[in-house]
Amino acid sequence: MSGTIELLSATLAKAKSEDRAALVAYLPAGFPTVDGAIEAVKAVIAGGADVVEIGLPHSDPVLDGAIIQTADDIALRGGVKIADTLRTVREAYEATGAPILVMTYWNPIDRYGVERFTAELAEAGGAGCILPDLPVQESALWREHAAKHGLATVFVVAPSSKDERLATITAAGSGFVYAASLMGVTGTRESVGNQAADLVRRTRATSDLPVCVGLGVSNAAQAKEVAGFADGVIVGSAFVKLLLDAPDLPAGLAAVQALAGELAEGVRRG
């Protein structure tokens with residue numbers, strides 16, 4: 001089975017044709033349990049998310065703030081493995097038909113084996129990977145196997161990225177570009193920051209790939225602000241916090257579905 005990069009592209013194009021930004025949700029595999037994470041993915045898609053990123057829990061998540069680190073720690077102590085992450089992708093994709101990506105640091109893939117990981121992610125129906133710490137100049141092996149298996153390679157750009165660097169990154173990427181709205185780690189914030197709009201503008205000058213903005217978006221008002229200048233709005237910590245704070249899984253699922261609904265309204269630009 002080939003990966004679903006074309007489904008990802010079609011989903012982002014459909015959102016654009018509806019004059020709105022796509023809503024991209026992030027949830028970690030294995031949190032609060034493997035089965036619970038699969039149900040959470042179904043819940044955010046039922047609420048209105050277009051695309052879901054499944055985080056592969058890591059012991060040293062350099063891009064992630066305290067909320068996602070806490071969830072990763074719970075997942076890792078629960079024994080989550082790469083196989084569980086791939087199962088999450090498979091079951092979420094089969095249940096919803098939505099594009100599902102994996103967000104992961106490079107070390108777990110390197111240890112698992114690039115060919116093995118890309119083949120198994122494609123077989124699970126995955127749409128691609130977001131690789132926040134893989135330098136473009138060291139990505140040729142990954143990109144070769146990802147392309148062979150129909151998987152997107154999503155790189156992260158930051159406000160500190162110079163225009164020449166942006167062009168190098170976007171030329172190597174596929175699916176979409178992940179624009180970090182500010183310098184720092186993931187987490188909910190009062191303001192998304194003015195740097196994000198400028199970064200999207202500069203990124204678009206180098207590529208026709210959709211540009212999706214993450215880091216800091218947690219409510220409908222912020223989603224609406226970002227939807228005014230980006231092709232997609234990425235929300236992670238706000239969903240994870242609801243699951244962390246919920247008294248039980250059913251309450252958590254109801255909360256993330258409700259937030260997805262509010263955010264889905266927010267990304268409509270009208």
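**Figure 1. Helix H6 passes helix H7 in a right-handed crossing.** This close-up, like the others here, comes from a predicted model. The two partners are H6, residues 114-123, and H7, residues 140-148; their axes come within 9 Å and cross at roughly 30°. Angles under 35 degrees count as roughly parallel, and H6 and H7 are therefore roughly parallel to each other. On the H6 side, look for Val114, Glu115, Phe117 and Thr118. H7 meets them with Leu141, Trp142, His145, Ala146 and Lys148. Sorted by class, this contact has five nonpolar, two polar and two charged residues.

**Figure 2. Helices H3 and H11 make a left-handed crossing.** Here the view moves to H3, residues 66-77, and H11, residues 237-245. Their axes come within 9 Å and cross at roughly 55°, and the two helices are therefore oblique to each other. H3 contributes Ile67, Ile68, Thr70, Ala71 and Ile74 to the contact, while H11 brings Ser237, Val240, Lys241 and Leu244. By class, six nonpolar, two polar and one charged residues make up the contact of H3 with H11.

**Figure 3. The largest nonpolar core of the model has 96 residues.** If you would like landmarks, start with the residues that have the most contacts inside this core: Val44, Phe117, Trp142, Phe176, Tyr178, Val233 and Phe239. Two of these names may be familiar from the first view, where Phe117 of H6 and Trp142 of H7 take part in the helix contact. Helix H2, residues 34-47, supplies the largest share of the core, with seven residues. As background, nonpolar side chains tend to be buried together in soluble globular proteins.

**Figure 4. Val233 touches residues from several stretches of the sequence.** Leaving aside residues up to four places away in sequence, Val233 touches Ala21, Ala22, Leu23 and Val24, among others. Val213, Val217, Ala223, Val226, Ala227 and Val267 are also touched by Val233. Val233 is also one of the residues with the most contacts inside the largest nonpolar core.

**Figure 5. Ile234 is found in strand S9, residues 232-235.** With a relative accessibility of 4%, Ile234 counts as buried, because buried means under 20% relative accessible area. Not counting residues up to four places away in sequence, Ile234 touches Val24, Glu53, Phe176 and Tyr178, as well as Cys212, Val213, Gly214, Leu215 and Val217. For a sense of scale, find Ile38 too: Ile234 and Ile38 are 196 residues apart along the chain, and their C-alpha atoms are separated by 19 Å.

**Figure 6. Ala197 lies in helix H9, residues 195-204.** Ala197 has a relative accessible area of 32% and is partly exposed. A handy reference point is Gly214, which is 17 residues from Ala197 in sequence and 12 Å away in space, C-alpha to C-alpha. Gly214 also appears in the previous view, where Ile234 touches it.

**Figure 7. Two backbone details sit in the loops on either side of strand S1.** In the loop between helix H1, residues 5-17, and S1, you will find Asp19. Its phi is near 55°, a positive value in a residue other than glycine. In the loop between S1, residues 22-28, and H2 is Pro32. The peptide bond from Phe31 to Pro32 is cis, with omega near 0°.

Methods. Residues are numbered from 1 along each chain as its sequence is written. This is a predicted model: local features need pLDDT of at least 70, side-chain atom pairs count only at pLDDT 80 or more; totals for chains, interfaces and linings use all residues. Side-chain values use heavy atoms; hydrogens and water are left out. Axes are lines fitted to C-alpha atoms, for helices over the stretch in contact, and angles run from 0 to 180 degrees between N-to-C directions. Helices (H or I, at least four residues) and strands (E, at least two) are DSSP runs, numbered from the N terminus. Angles under 35 degrees count as roughly parallel, over 145 as roughly antiparallel, 65 to 115 as roughly perpendicular and the rest as oblique. A crossing is left-handed if the near helix is turned anticlockwise from the far one by less than a right angle, and right-handed if clockwise. Contact means heavy atoms within 4.5 Å. Ala, Val, Leu, Ile, Met, Phe, Trp, Tyr, Cys and Pro count as nonpolar, Asp, Glu, Lys and Arg as charged, and the others, Gly among them, as polar. A nonpolar core is a set of buried Ala, Val, Leu, Ile, Met, Phe, Trp, Tyr and Cys residues joined through side-chain atoms within 4.5 Å. Buried means under 20% relative accessible area, exposed over 50%, partly exposed in between (1.4 Å probe, protein chains only).
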